[in-house]
Amino acid sequence: MNWLIEFFGDPASWSGPDGIPVRFAEHLEFAGLSLLLAMLVAVPLGLWIGHTGRGALLVVLSANAARALPTLGLLVLIVLLMGVGTIAPVLIPLVALAVPPILVNTYEGVRGVDPDLRDAAYGMGLRGGQVLGRVLVPVALPLILLGLRTAAIQVVATATVAAYVGLGGLGRYIIDGLATQRYPLAVGGAVLVALLALTVQGLFGLLQRVLVSPGVSGRQKIR
Amino acid sequence: MGRLWQGGRAPAGDQGLRMITFDDVTKRYPDGTVAVDGLSLQAPSGEITVFVGPSGCGKTTSLRMINRMIDATGGRILLDGVDVRTIDPPTLRRGIGYVIQQAGLFPHRKIVDNVATVPYLLGWDRRKARARAMELLERVGLDPKLAGRYPFQLSGGQQQRVGVARALAADPPVLLMDEPFSAVDPIVRASLQDELLRLQAELNKTIVFVTHDIDEAIKLGDRVAVLRVGGRLAQLAAPAELLADPADDFVREFLGRDRGIRRLSFIPGDGLRLRTDLTVPASAEAASARGTAEPWLVVVDADGRPLGWVAREDLPDSGTLAGVPAAPYGAFVRGRDSLRSALDAALLSPSGNAVAVDGSGRVEGVVTRQELDAALARAAEGARG
Amino acid sequence: MAEEPLVRWDWIGRNWPEILELVADNVVMALVPVVVGLLVALPLGLAGARWRWFYQPAVGVMNVVYSLPSLAVFIVLIPITGLATRTTVMVPLVFYAMAVLIPAVVDGLASVPDHVRQSAVAMGFTPLRRLLAVELPIAVPVVLAGLRVATVSSVSLVSVGALVGRGGLGYLFIDGWQRQFPTPIVVGIVLVVLLAGAADLLLVLAQRWLTPWASARTAARSGRRGAA
Ligand SMILES: Nc1ncnc2c1ncn2[C@@H]1O[C@H](COP(=O)(O)OP(=O)(O)OP(=O)(O)O)[C@@H](O)[C@H]1O
Ligand SMILES: [Mg+2]
């Protein structure tokens, strides 16, 4: 507790290029960008594979392979090969981390929609795209959001390792604190990351409430 | 060809126009299964044609070829002479109502929007589509209060009614129904069947109805197509004809045991001769009633409605008939009910006679057991011919 | 540096015994937390499946734990369990495994069709027999799918521990970075992926063997509580 007061109570923690606002913004940039990129890849791919049923094996295999990739290893390797001129070295491992949960959940969400529902939708004269957009996506939305939430939390938590190769973000406090034996700094950084992750979690809860039809969420509660 | 199908809501005069023709239709699935083999038949406009047969005989396949959920591999299916293969499937389907077993309602949409699905697709404006949906909910016997609910908040029977309303929303001239009532309990099923018949009397759609339940087929069908495994037509006939004269052993077996009794449902009861001298008002003196030669009499109230049977032997010496306990009776409506109902009414009466009433429940007379025997004999004669 | 090849094979040859030690260390630190996590998750998951009121808070707590960066947890643990000890690295991994496995157990039990459960009751199974003989076997595919996710993730997460001095193959990343020498890093990544793949394969085989009646389909579908 004292450590926390020491860190958060110090005005120096809040200003300058190493201040909390700057580190926070950097962290959000890494996490937000990689989540966005992963989403742009994984959601359409998951929808397409789930809708057409083509390439399902690819989802299972690639998702598990991507889970096995050690983020830290990828990060140091890429920086070693490419240098630290851009934030690309951070983005690549984080995107690799975020794609599997989004892809698997989107795919499973669409795949798992009651076949009778698809049948009824086609039977009433909806076209392929309309079936996807008006029926499959709204019904699969809870799972798609679950995938995005899992990915977002992992990315926020893992973006800390970027600091190890000299990049910014909240991980700076942890790595620096550790390297210089200043525990208040390290613990303060850890708390900030955890708070951010919890905020993300809460945001997704809100998003779920706003976006998912009560007809879908209500049904799940009854299950 | 396309013009007929682009309007969505057909003009009223156009309603009875859709006739469905199967012309030597075959379906062979990619794995080699021949589900339908050389099927030729017509589903006349404004009638309910039922496909019935054992599981796996190709009913669903046949039905789904009409709206091109499945494409035939041989032969043609014509809608008023137009080959369905020449019509873009979504356009075709928007002009054909489709009801399936589990209703297939969209869980994320409120009931009213579920019903308005096809009108929305056809580009109706929202208000008009919703107004139409509300009208249909009422039509199929649902409380308009349910309109704002989601499907999971409805019972199975209610969901099925919504499914029917949804299929009717754009007023398509053709309705395809695949075992729509088989997932609900028998009582709800019977009421849904009655509802469908009532709707059909108003709407005159061309309906193709799939079931594996022969009783349902006989109750609903104007014509019944019995299919055998492999999707070959065993017999196509009106229900009465089917019961009276099955084409072969397969059909006979499929129709089941009570074929003779069930056939009576199709013989009207209005040809039965009535005796009017067996009716006595409750205000009559018991003593005078004892004077007749008849063993059983029907007592009626001041309005002419039946109170029950009294046995002559049990009548007291004094007082009116109102004081005499009456035995239960069975009645049938002579202008409406079948010979089967008349027989049923007779079996429910201790006298063995059936009470005939008019539409408002007033006694018209009594059909004696002798008269019923004669009618049954005539019916048996008919079955042989 | 420009002429430095991505992989120098002679380095691998020279350091092979050390590499093998790291592999062993990684295996232990990855698998112990999964096993412990499973042992804890089974009763908690059972409780969650029985009592709905228990499930929501349990999953809530797990979600919170899950959202903590492992690095942050290491930091907090160091004063208690020490720098560069296996325990420091394994404790957060236990929690991650639980975060994946508790929902998997609950989902698995929820996947038992109600009519199957009812007919078991009707045949006179006692609750315990029913659990062991009917419900758990049916839940196996879903639980195993969760176990696959947990195991693969655990193998790869161990390497982060290198930042606090004990990370199995992760040591190779630190080593390579500090010497600006890619060979150990590549070797480390390849070995982590191979290790994870091998563990995954074993679990798939275990599933085939344990549940010959379950299709690959159900297994694939339940892997969705994806975590890493
Ligand atoms: N997609 C398919 N691929 C291969 N064979 C199929 C396919 N769909 C149906 N069949 C086969 O075609 C035959 C007819 O099936 P169909 O679904 O039309 O039967 P049905 O009369 O509706 O049966 P039920 O009363 O059980 O619904 C069956 O033997 C079935 O196994
Ligand atoms: Mg069928």
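1. In this predicted model, the rule finds 0 salt bridges across the interface of domain 1 of chain B and domain 2 of chain B. Polar contacts do occur there: 3 residue pairs are found, with both residues of each pair at pLDDT 80 or more.

2. The two parts concerned come from the domain assignment of chain B, which gives residues 4-95 + 172-266 to domain 1 and residues 279-381 to domain 2. Taken over C-alpha atoms, the centres of these domains are 42 Å apart.

3. The contact between them involves 5 residues of domain 1 of chain B and 7 residues of domain 2 of chain B. About 510 Å² is buried between the two domains, and carbon and sulfur atoms give 62% of this area. On the side of domain 1, B:Arg263, B:Leu264 and B:Ser265 lose the most area to domain 2, together 79% of what that side buries. The residues of domain 1 that touch domain 2 comprise 2 nonpolar, 1 polar and 2 charged.

4. A separate point concerns ligand 1. The residues surrounding ligand 1 include B:Tyr29, B:Asp31, B:Thr33 and B:Ala35, together with B:Ser55, B:Gly56, B:Cys57, B:Gly58, B:Lys59, B:Thr60 and B:Thr61. B:Glu179 is also among them.

5. Oxygen atoms of ligand 1 take part in several polar contacts. A polar backbone atom of B:Gly56 is 2.8 Å from one such oxygen atom. For B:Lys59, a polar side-chain atom lies 2.7 Å from an oxygen atom of ligand 1, and for B:Thr60 an N or O atom of the side chain is 2.6 Å from an oxygen atom of the ligand. On its own, ligand 1 has 640 Å² of accessible area, of which the protein covers 61%.

Definitions and conventions. Residues numbered from 1 in each chain as written. Chains lettered and ligands numbered in written order. Predicted model: local features only at pLDDT ≥ 70, side-chain atom pairs only at ≥ 80, totals over all residues. Heavy atoms only, no water. Domains from an automatic or database assignment. Contact = heavy atoms within 4.5 Å. Buried area = accessible area lost by both parts, 1.4 Å probe. Salt bridge = Lys/Arg side-chain N within 4 Å of Asp/Glu carboxyl O. Polar contact = N/O pair within 3.5 Å; in protein donor to acceptor, adjacent residues only side chain to side chain. Nonpolar A, V, L, I, M, F, W, Y, C, P; charged D, E, K, R; others polar. Near = heavy atom within 4 Å. Areas by Shrake-Rupley, 256 points an atom, 1.4 Å probe, with all protein chains shown as cover.
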